[in-house]
Every structure is written in C-alpha cells, then in structure tokens.
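Let's take a walk through this structure together, starting from the empty space inside and working outwards to charged pairs and the surface. Keep the viewer open as you read.

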Amino acid sequence: MFKSVVECCKNNPFASPFQTAKCEGRKEPIFGRTIGAAATPTIVPGDSCAFGSQKYFALCGLGGILSCGITHTMVVPLDLVKCRIQVNPDKYKSVVNGFKVTLAEDGMKGLAKGWAPTFFGYSLQGLCKFGLYEVFKVYYSDMIGEENSYVYRTWLYLAASASAEFFADIALSPMESAKVRIQTQPGFVGTLREALPVIYKAEGMNGFYKSLVPLWMRQIPYTMMKFACFEKTIELLYRYVVPKPRDQCTKGEQLVVTFAAGYIAGVFCAIVSHPADTVVSKLNQEKGASAADVARKLGFMGMWKGLVPRIVMIGTLTAAQWFIYDAVKVWLALPRPPPPEMPESLKKKLQAQGKL
C-alpha cells in the first residue's frame with residue numbers, strides 16, 4: 001500500500017500546488033502563480049532532492065524522528081509529573097508539589113523515569129507523523145486537483161494529518177503503555193528492558209494495544225490541530241504580521257516564524273486532546289479497565305486534571321518540534337514550498353465571475 005501511495009505521489013501532476021513558479025536564470029521570484037510538479041519530479045537548483053520524491057519523503061521521516069524523539073525526551077520530568085497528577089491527584093496536588101514529592105521519594109534520578117520508551121516510542125511516531133503527512137498531503141492533493149487543493153487546503157491538512165497519525169499511534173502504543181506504567185504504577189519495574197516482558201507475560205499483546213483507541217482519540221485530534229493550525233498560522237503570519245514576503249526573509253527569520261506558529265498551534269493541541277490524554281494515563285495504570293470505565297470514574301472535571309502543565313509542555317513541545325523539523329529541512333536542503341497562493345486558473349475563473 002505504501003509503495004503504491006508513493007508511486008501516486010511521484011506521478012502526481014498537482015504534487016506541489018503551493019510552490020511559487022520560477023524561471024531559469026531569473027533571480028526574482030514570480031509572484032501570483034502556482035505550479036504542479038512534473039510527472040517526473042525534478043530537482044530545483046539548491047535543493048538536495050525533488051519535491052514528492054521517495055528521497056524527499058524519507059528525509060522528512062528522518063526530520064520527524066529527530067523532531068519528536070528529542071523534544072519528548074527533553075520534557076520527560078514534566079510529563080512524569082503530569083501523568084502522576086492525572087492518575088493520583090490526591091497525592092500529587094500540583095506541578096510544584098508533584099516535583100517535590102517525586103524528588104523526596106526517588107531523587108533526581110526519579111524524574112527521568114520512562115525516558116527510554118519515550119525516546120523510542122515518539123521517534124517511531126515522528127517518523128510516521130511527519131513522513132506520512134507529507135505523503136498523504138501530496139496523495140490527497142492528486143485526488144482533488146490543484147484548484148481544490150487551494151480552496152479546501154484546510155481540509156487537506158486535516159485529512160493528511162489524521163491519516164498519518166492513525167499509523168503513527170500503532171507504532172507508539174507499545175512504548176506509551178510501558179512509559180505510563182513505569183512512571184505511574186507503584187512497584188512496577190523501572191526500565192524498558194524489564195517492562196516489555198512483564199507486560200507481555202501479564203496481558204499478552206493486549207497489554208501493549210489496549211490503550212490504542214483512546215490513544216487515537218487523543219492523538220488524532222491533537223495532530224489534526226497541530227498541522228492544520230500550524231499551516232494556517234504560518235499563512236496568516238506572513239500575510240499580516242511579518243513585514244516582508246517569505247522569500248525575502250533569511251532562513252533564521254523563517255525559523256523564528258516557524259517557532260511562533262508552532263507554539264500557537266501547540267496551545268490549541270493541548271486543549272483539544274487533554275481529556276483523552278487523562279484517560280490514557282489512567283487506563284494504563286488500571287489493569288482490566290476499559291476506556292469507558294475510566295471516563296465514568298474520572299467524571300468531566302477529573303478529565304481536565306493536569307491541563308495547565310500540559311499546555312506549557314505541549315506548547316513548548318510543538319513549537320520545538322516544528323522548529324527542529326524545519327531546521328532539518330534547511331540543513332538537508334529539502335524543498336520548502338512557501339505558503340499557498342491561488343492558482344492562475346482559479347483567479348481567471350473568479351475574475352470572469354466578477355468575484356475577484
């Protein structure tokens with residue numbers, strides 16, 4: 001299936017509906033036009049590969065590994081306290097109190113609990129999340145055409161990100177299960193190497209995937225918001241806030257805009273996905289419980305425990321992820337299409353109808 005999707009992307013006449021047209025030998029960008037990639041992707045001078053090529057998708061996946069693996073591992077202490085507030089609010093009453101109790105019981109080493117499943121799990125998730133997002137965005141663009149790709153671009157972002165996250169969570173689920181148990185279950189083993197056989201012996205494969213559905217409930221809305229909000233925020237920042245066009249900004253200035261858009265997207269991501277995140281944390285702690293059982297036990301207000309630290313964590317995390325991902329694209333000289341512009345064909349139609 002993946003091979004066929006990639007082949008469709010390679011042969012997609014609308015694979016890059018958002019690229020600004022350029023002429024050879026001309027230094028100034030040509031504004032107001034968009035072009036689709038050729039049937040055989042061609043490498044633009046200065047880029048290391050063609051947009052929509054297999055190499056492009058593979059390197060985007062590498063950017064996702066670095067983006068998600070590094071950032072999630074960096075915030076393990078805050079994630080640990082957040083999870084403990086969710087599953088045991090009587091003991092861990094606040095973020096500050098959670099850190100104090102954890103340090104008193106486990107010392108500094110205790111704050112690093114769960115770092116291994118976090119690193120490996122979210123690296124795999126990042127590979128699928130960012131790599132497949134690029135694949136599906138090009139694939140769905142081919143299905144609906146260049147003009148519809150512009151008009152319905154928000155829906156395109158939502159569909160591509162949801163599809164990518166579906167597969168990303170299948171890769172993440174076993175490691176997420178081990179991470180939550182290591183961090184929140186008293187008396188449980190303290191390393192990934194010990195946790196995996198213990199979980200399998202006690203519950204079989206179900207132990208690794210019993211939280212997959214609530215994980216989808218948490219991560220798919222989160223990722224849809226993460227990508228759609230980021231893409232639209234980037235577009236609006238360059239249109240209304242940044243005082244010069246994107247092509248006139250330095251790479252450093254572009255990365256600052258990327259970070260700002262990522263943080264804005266992260267705040268919304270944390271809010272829409274928090275109730276499901278609380279259910280996932282509690283579900284992995286309670287053996288034999290279902291997602292519905294946990295949700296009923298927590299109640300509406302209980303599912304919002306730990307929201308403030310999660311907003312701080314996810315906002316920072318999302319901004320850092322987009323920054324790293326975009327920086328990797330710059331470092332590897334990958335194609336970085338500018339914000340979308342209306343295709344000439346659509347402009348002519350609207351002008352003919354008197355709507356433009």
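Start with the voids: this is a predicted model, and a search of it for enclosed spaces of 30 Å³ or more turns up 2 cavities. Let's look into the second largest cavity, which has a volume of about 200 Å³. Its lining is made up of 22 residues, and the ones closest to the centre are H72, Y122, R218, M313 and I314. If you want to find the walls by element, several helices give two or more residues to the lining, among them helix 3 (76–87), helix 5 (115–144) and helix 7 (153–184). Helix 10 (212–241), helix 11 (251–285) and helix 13 (307–331) also do so. And what sort of residues face this space, by nonpolar, polar and charged class? The lining of this second largest cavity divides into 7 nonpolar, 6 polar and 9 charged residues.

Now for the charged pairs. The structure holds 17 salt bridges, and a few of them are worth a stop. In helix 3, one of the helices that help line the cavity, the side chains of K82 and D79 meet in a salt bridge at 3.4 Å, N to O. These two sit 3 residues apart, about one turn of the helix, and both are buried.

Next, go to R181, which pairs with E203 in a salt bridge whose closest N and O atoms are 2.9 Å apart. Here R181 belongs to helix 7 and E203 to helix 8 (residues 192–203), so the pair ties together parts that are 22 residues apart in sequence. Are these two partners buried or exposed? R181 has a relative accessible area of 5%, so it counts as buried. E203, at 18%, is buried too, because the cut-off for that label is under 20%.

For a pair with another setting, try helix 14 (residues 344–352), where K347 and E344 are 3 residues apart and therefore separated by about one helical turn. Their closest N and O atoms lie 3.8 Å apart in a salt bridge. K347 is partly exposed, with a relative accessible area of 21%, and E344 is partly exposed as well, at 31%. Elsewhere, salt bridges that share partners join R153, K232, E235 and R239 into one network.

Finally, the surface. W115, F119 and F120 form a nonpolar patch there, together offering about 310 Å² of accessible area. F120 is found in helix 5, and its 42% relative accessibility is why it counts as partly exposed.

Technical notes:
Residues are numbered from 1 along each chain as its sequence is written. This is a predicted model: local features need pLDDT of at least 70, side-chain atom pairs count only at pLDDT 80 or more; totals for chains, interfaces and linings use all residues. Side-chain values use heavy atoms; hydrogens and water are left out. On a 1 Å grid over the protein atoms alone, a cavity is a set of points where a 1.4 Å probe fits but cannot get out, and a pocket is an open set with protein on both sides within 12 Å along at least five of seven lines; lining residues have an atom within 4 Å of a point. Grid points are joined across faces, edges and corners, and a volume is the space filled by probe spheres set on the points. Helices (H or I, at least four residues) and strands (E, at least two) are DSSP runs, numbered from the N terminus. Ala, Val, Leu, Ile, Met, Phe, Trp, Tyr, Cys and Pro count as nonpolar, Asp, Glu, Lys and Arg as charged, and the others, Gly among them, as polar. Patches are made of residues with over 30% relative accessible area and no salt bridge: like charges are joined within 9 Å, nonpolar side chains (Val, Leu, Ile, Met, Phe, Trp, Tyr) within 5 Å. Accessible areas come from the Shrake-Rupley method with a 1.4 Å probe; for residues, only the protein chains shown count as cover. A salt bridge is a side-chain nitrogen of Lys or Arg within 4 Å of a carboxyl oxygen of Asp or Glu. Buried means under 20% relative accessible area, exposed over 50%, partly exposed in between (1.4 Å probe, protein chains only).
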